[in-house]
Amino acid sequence: MCSMARFRRAGSWTYFLTGFTMFTLGSTMLLGLYRNYLFVQDDPYRCRLLFHDGTWSPSASSVIRKWEPKGCRMVEYSRDTIIDCMSGRKIILAGDSTIRQIFFAAARRLDPGLPKSEVKDVLAVNGKHENLSFRVDDVEVEFIWDPWLNSTALNNTFEDFHAPSTSFPERTVREESEPPIALSILGAPGLWAARYGGDDYLEIFKRGVDSVILYLSYNFDESIESSTSKADYFQATANQILLAPVQVPEYNNLSLDRSKTITPKRVHEMNDYLSQLSPHQLSHVPWVYNHISSDPEEGFGADGLHASDSIAALKLDIALNARCNAEIKAHKRSFKGTCCIGESRNLLYEFALILWVVTMIFRSWSICLFVMERQPLLQVELARAGDIIVSTLVLCWFCDGRSVVGKVERNYQQNEFISVCLLWLVASILTLRKNCRSPGEPLLLANESKWNPPGYRGPGYLSRDHSDEIKGLMQGFILLYHYHYASQTLWVYKIIRLFISGYLYLSGYGHTLYLMKTNNFSLKRIAAILFRLNFLSAILPYMMGTDYSSYYFASVITFWYIILFGMLRFFRSYNQDLRWLIMKVVATAILTDWLTSAPGVLETTVKALHVVFGMSWNPEEMRFRLRLDRYIIFVGVVIAALVHNASARRARIILPLGHAISIRPHNSNVLVNIICAAGIIVFLYLTQFNLHEKQQYNQIHPFVSWIPILCFVVLRNSHHVARHAYLALPAALGKISLETYVLQYHIWLGGDATAKLTFGLWEGR
C-alpha cells in the first residue's frame, strides 16, 4: 500500500512536470505567433528596434555600461569582424564634423593602436574641411566633407548607386579595380543649416535631404533578404545607406555664437521634417543616435556639440549591426547579434515539427487502444518518451533558432536576484512531504532487495529523495543565477561553485553506493548511464548547429563517471575493504590530477576525439573545468563506502550513516551539529571576506569545497523528523537536473545561454 502511494506521489510530480513542459511549449509557440501577427509587417527583422529605441544597462562597479536596443541584441564589432563583413569593400561617410567622428571611430576600430594625437595631426595637416580616407587590409573607409550634402564627391559616389525601379535597389555593377560601396552613412545637413543658413535654414535643410531621398526609396529591411549565399552576397550587394538625424546638442554647453543659431526650435523643426518622410525612407534613419547622445555619463564633449569618442564608436556599431548582422549570422551560427537578421531555414526543425504531430497522434491512438484493453502498436510510455524528445527539440529551435523570439542582454540586479531566490526557496518549502517508508522498513524500493547485502538498513545518511531534493534546490538557484547574470558578482559566484561541487559530490556518492551494493559493472549499466548523461548534448548539436563541447557540464560529469567506474571496476574484490579502497581512491586522485594538469595530455585526447567522433573541444577550457572540482568526486566515493559498510554492519555510530530508523538525539549528535554549523559559517566568512579575486578563490576551491558540502548534508539529516521528510518540488527538479542544465542554453535562455528571451510584447511597444 505504501509503495503504491509512493509510486503515485512520484508519478504525479513527473506527470506534472511533463504536462507543464507541454503547456510551456504550446503557449510559447502561440505567443510567438501572436507576436509575429502583431509586429511582423512593422519590424520583421528587428531593425526598427535597433534604430529607434533602447536603454543603457544599469550601472555596476564591475561592468561597463552598454547600450541595449529593446527587443534585440547588438554586438560590438571587432577589427576582425569588420574585415570579415567589409573585406574588399568600402565604407563611405559624408557630412559635417559629427559624422567625421564616426570616421575616426572606424579608423581606431580597424587600427586599435592608432593614437588620438595622430588624429589631431591628420586634421592639422589636411585641414578640418577636407576629405579623408583610411585603409586597413582590404577595407577602405572614406570621409567626404559635405555638411550640405551637395558636393561633387558625394554626387560621384551616388553615380555608382542606381535608384531602384522596384521596391528593391538594383545590383551595382562596378569596375574590378574599384571596391564596391557596402555602407554609406550620411549626416543630415541640420547643424550647418542652423549655424550658417540664416532665416532660410529650413529650406536649405530640405534641399539637402531631398537630394538623397531618391536613394532611400526602398525599405531597409528588404536588403536583409539578400543575405543568402556568402559568395553571391559579397560580389553583388546593395549599398545600404543610413541618414543620420540632426544631432540634438547639449545646449547648455554650446558656445555663445553657436547657441544663438543652433536653437532647440530649429533643430526640432528639421528633425520634424525628417519624421514626415515615407515609411520606406524613414527605415534608413537611425533616430537612436540622439537617444544615445543624451546620456549624462557618456554623451558630449566639452563643446556640447560633438559626442564623446565612446558615443561615436557606438554610432558606428549601430550602423555595422544594421549592415552586417544578417550576413554574418547566415554563415556563423554562434554570432550573438539578433538585430537586423533574417530567418534561417532549418530542415531538421521542419521535419521535427511533422514528427511531433505524428507522435502526438500515435500516442493518443495508443492510449485509446490501452483504455480499450487492446494491444497498442507501441508501448504508451515509449510513445510518450518520443513525444517529449521531439517536442523538446522543436522548442529549442523555436526559442533560440528563430527570430520569432527575441534575445536581449542580461543585467545583474542584486535585489531582484535575491528576491526570486527567496521565492524559489519558499515555493520549495511549501511542497514539504513525508517519506512514505516507515522507520523500520529496510529498503527504499522493494525491487532493491536482490542487490542489498544481508542486514542492509540504509542509506539513512542520504536517501534518494534527499539527494534529488538537494540537487533540485541547487539547480533552481543555478538557473536563476544564469538568468540574472549573477556571475558578474563574486560573492554569488563562490556559492554557485559550491553548488556545482555539491552536484558532483552527490553524483559520486550515489553511483558509488549503487556499485558497492550491487557489484553491477556490466556493459549495460555503463552504457545506460553514459546514454543518460550525454543524450541531449549529443542530439542538440544537430538541431541547433552547436557542438557537443558547448554543453560542458555533460562532458565533465561523464569524465568523472568514467574515472569512478574504472576505479571501482579494477580490483573490485577490494572495494569492501576500506583500507584498500582508500588506497585506490588516493592513487586515482593522483593520476587524474596529473592527467588534467600535464601539458599535452588533454590536447592529445582532444585531437583523438576530433578524429574519431568529430568533436571540437577547447582543451584549456576543459582543463579549467575539470581541475576546479578535481577532488570532490573522491570525497563522495569515500563517504559512500563508509555509509555502505556501516549499513551492512548495522553499526550504531555518531552519525546515522546507515540506519534509516529514528535515533534519539544525544550529546554527541548535538556537538556534531554545532561543529557543522560553525564550519559553514567560518567557511563563508573566510571565503567571502578574505578572497577578493575570482582567481584566488578558484585556486583554493578544490581543496576546501568538501567542508560546507559535508556539513550541510549532516545538518540536513541531523534530526529524525528531517530524515523522514523531503521537499517534493526540488526533488522532482533534481531528477532532471542535468537535462535542465543543458536545456537552459536554448529554452530558459537564448544565444547559447548568453541572453534573455523576449517576445517584445512588453518592451515599450
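Two strands count as paired if DSSP finds at least two bridges between them. Keep that in mind as we walk through this model, which is a predicted one.

Let's start in the sheet. Five strands make it up, an open arrangement in the order E4-E5-E3-E6-E7 with mixed pairing. Strand E4 (132–136) and strand E7 (240–244) sit at the edges; each has a single partner strand, so one side of each lacks a neighbour in the sheet. Going from one strand to the next, the twist averages 10 degrees.

Now look at strand E3, residues 90–95. On one flank, E3 pairs with strand E5 (residues 139–145) in the parallel sense, over 6 bridges. If you want a landmark there, find glycine 95, which stands opposite tryptophan 145 in E5. On to strand E6 (residues 181–187): E3 pairs with this one in the parallel sense too, over 5 bridges. Here the landmark is isoleucine 91, set opposite leucine 183 in E6. Step along once more and you find E6 and E7 running parallel, joined by 5 bridges. In that pairing, glycine 187 faces alanine 244 of E7.

How many residues of E3 are buried? The count is 6 of 6, so to speak of E3 as mostly covered is fair. Its residues point two ways: Lys90, Ile92 and Ala94 go one way, while Ile91, Leu93 and Gly95 go the other, and all are buried. Notice that a lysine, Lys90, is among those buried residues.

The loops around E5 hold a couple of backbone oddities. Most residues other than glycine have a negative phi. Aspartate 137, in the loop between E4 and E5, has a phi near 55 degrees, a positive value in a residue that isn't glycine. Leucine 149 has a positive phi as well, about 60 degrees, and again is not a glycine. You'll find leucine 149 in the loop between E5 and helix H6 (152–159). Are these two residues buried or exposed? Aspartate 137 has 54% relative accessibility and therefore counts as exposed, whereas leucine 149, at 3%, counts as buried.

Next, the helices. Helix H20 (residues 523–544) packs with helix H31 (residues 737–748) at an angle of about 15 degrees, their axes 9 Å apart. Angles under 35 degrees count as roughly parallel, and H20 and H31 therefore fall into that class. Their crossing is right-handed. Which residues meet where H20 and H31 come into contact? From H20 come Arg532, Leu533, Leu536, Ser537, Leu540 and Met544, and from H31 come Leu738, Glu739, Val742, Leu743 and His746. Sorted by character, the contact holds 7 nonpolar, 2 polar and 2 charged residues.

Last stop: tyrosine 697, in helix H27 (residues 694–704). Its relative accessibility is 0%, so tyrosine 697 counts as buried. What does tyrosine 697 touch once its neighbours within four places in sequence are left aside? The contacts are Tyr493, Lys494, Arg497, Leu498, Phe683, Thr687 and Leu691. One of them, tyrosine 493, is 204 residues away along the chain, yet the C-alpha atoms of the two tyrosines are separated by 9.8 Å.

Note on methods. Residues are numbered from 1 along each chain as its sequence is written. This is a predicted model: local features need pLDDT of at least 70, side-chain atom pairs count only at pLDDT 80 or more; totals for chains, interfaces and linings use all residues. Side-chain values use heavy atoms; hydrogens and water are left out. Axes are lines fitted to C-alpha atoms, for helices over the stretch in contact, and angles run from 0 to 180 degrees between N-to-C directions. Helices (H or I, at least four residues) and strands (E, at least two) are DSSP runs, numbered from the N terminus. Angles under 35 degrees count as roughly parallel, over 145 as roughly antiparallel, 65 to 115 as roughly perpendicular and the rest as oblique. A crossing is left-handed if the near helix is turned anticlockwise from the far one by less than a right angle, and right-handed if clockwise. Contact means heavy atoms within 4.5 Å. Ala, Val, Leu, Ile, Met, Phe, Trp, Tyr, Cys and Pro count as nonpolar, Asp, Glu, Lys and Arg as charged, and the others, Gly among them, as polar. Buried means under 20% relative accessible area, exposed over 50%, partly exposed in between (1.4 Å probe, protein chains only).
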